[in-house]
Amino acid sequence: MAIPIIVHKVILYSSAVVSVFGNGLLLLLLAHRNSHVLGKYRVLLAMFALTDIAISLFDAWFIPIFLLGEYGYVFFGYGSLFLEQTLGKIVNVTYCSSFFVPFILLSLHFIYRFLSLTNCATIPRFFCYSLFTGVSVAYLLLIHIICDI
C-alpha cells in the first residue's frame, strides 16, 4: 500500500518544526551566562543541537522514501527526483552519510563522559592510545563505507 506524499510531508515538516524549536531553545539556554557551569560539555550539547537541526531540515526537504523490492530495500529522496543526475546523486550520498552522524556524535559523547569521569591522567597511557586508535579506525571504516556508496 502506497502512502501519499502529503502524509510524508506533514510528518517530516512537523518533526522539523519541533526539532528547530526544541534545539533552538537548547542553544539559547546554552548561550545563557548561567550555563557556563557545564564547561566544555556545552560544546558537545551545542554540536548535538546544531546537527539535529541540520539533519531535520535536510530530511524535511529530501523526504526519504523506502520501497521494498524483491531482493531488498530501495530508497530515494522525493526532493532529489527533480534535480540533475549528478546533483541528485550527491544529495542521496549526503543523506546516506548524514544518517550515521548522530551515532558518531553519540559515541563521542560516551567517550567524553568516560574521560571526564575517570580523568585521563590516571588511566594508563596504553589505554588512552588504544581508545584513540580504536575510535580512529572505526571512523575511517565509516568514511570508507560512505565513500564506497
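**A walk through a predicted chain**

Let me begin at the surface, where Ile3, Ile6, Val7, Val10 and Ile11 together make a nonpolar patch of about 450 Å². One of these residues, valine 10, is found in helix H1, and I will come back to that helix in a moment. Please keep in mind throughout that what we are looking at is a predicted model.

Now for the overall plan of the chain. If you follow the sequence from its start, you meet the pattern α-α-β-β-α-α, and that gives four helices and two strands in the chain. Of the 149 residues in the chain, 23% are buried. The accessible surface comes to about 10,800 Å², and carbon and sulfur atoms hold 74% of that area. As for contacts, if we take those in the chain with a separation of 6 or more, then 55% of them join residues that are 24 or more positions apart.

Let us turn to helix H1, which covers residues 5-31. H1 is built from 27 residues, and the distance from its first C-alpha to its last is 38 Å, close to the 39 Å expected at 1.5 Å a residue. Which residues of H1 are buried? They are Leu12, Ala16, Ser19, Asn23 and Leu30, and the buried residues of this helix pack against H2 and E1.

I would like to pause at serine 19, which lies within H1. Is serine 19 buried or exposed? Its relative accessible area is 8%, and because the cut-off for a buried residue is under 20%, serine 19 is counted as buried. If we set aside residues up to four places away in sequence, serine 19 touches Gly24, Asp52, Ile53 and Ser56. Two of the residues on that list, Ile53 and Ser56, also appear among the buried residues of H2.

That brings us to helix H2, which runs over residues 41-62. With its 22 residues, H2 reaches 31 Å from first C-alpha to last, close to the 32 Å expected at 1.5 Å a residue. Its buried residues include Tyr41, Leu44, Ala46, Ala49 and Thr51, and further along the helix also Asp59, Ala60 and Phe62.

Threonine 51, in helix H2, shows how parts of the chain that are distant in sequence can come together. Threonine 51 and proline 102 are 51 residues apart along the chain, and yet their C-alpha atoms are separated by 7.7 Å. Apart from its neighbours within four places in sequence, threonine 51 is in contact with Val101 and Leu105.

What follows H2? The next residue is isoleucine 63, which lies in the loop between H2 and E1. Its phi is near 50°, which is a positive value in a residue other than glycine. Isoleucine 63 has a relative accessible area of 2%, and since buried means under 20%, isoleucine 63 is buried as well.

Finally, we reach the two strands. Strand E1, residues 64-68, and strand E2, residues 73-77, pair in the antiparallel sense over five bridges. In this pairing, phenylalanine 66 stands opposite phenylalanine 75 in E2. The hairpin of E1 and E2 has four residues between the strands, and within that hairpin glycine 72 takes a positive phi near 155°.

If you would like one thing to find in the structure yourself, start from serine 19 in H1 and look for its contacts with Asp52, Ile53 and Ser56.

Conventions: Residues numbered from 1 in each chain as written. Predicted model: local features only at pLDDT ≥ 70, side-chain atom pairs only at ≥ 80, totals over all residues. Heavy atoms only, no water. Expected span 1.5 Å × (residues − 1). Buried < 20%, exposed > 50% of the residue type's maximum accessible area, 1.4 Å probe, protein only. Contact = heavy atoms within 4.5 Å. Patch = residues over 30% accessible without salt bridge, like charges linked within 9 Å, V, L, I, M, F, W, Y side chains within 5 Å. Areas by Shrake-Rupley, 256 points an atom, 1.4 Å probe, with all protein chains shown as cover. Salt bridge = Lys/Arg side-chain N within 4 Å of Asp/Glu carboxyl O. Pairing = 2+ DSSP bridges.
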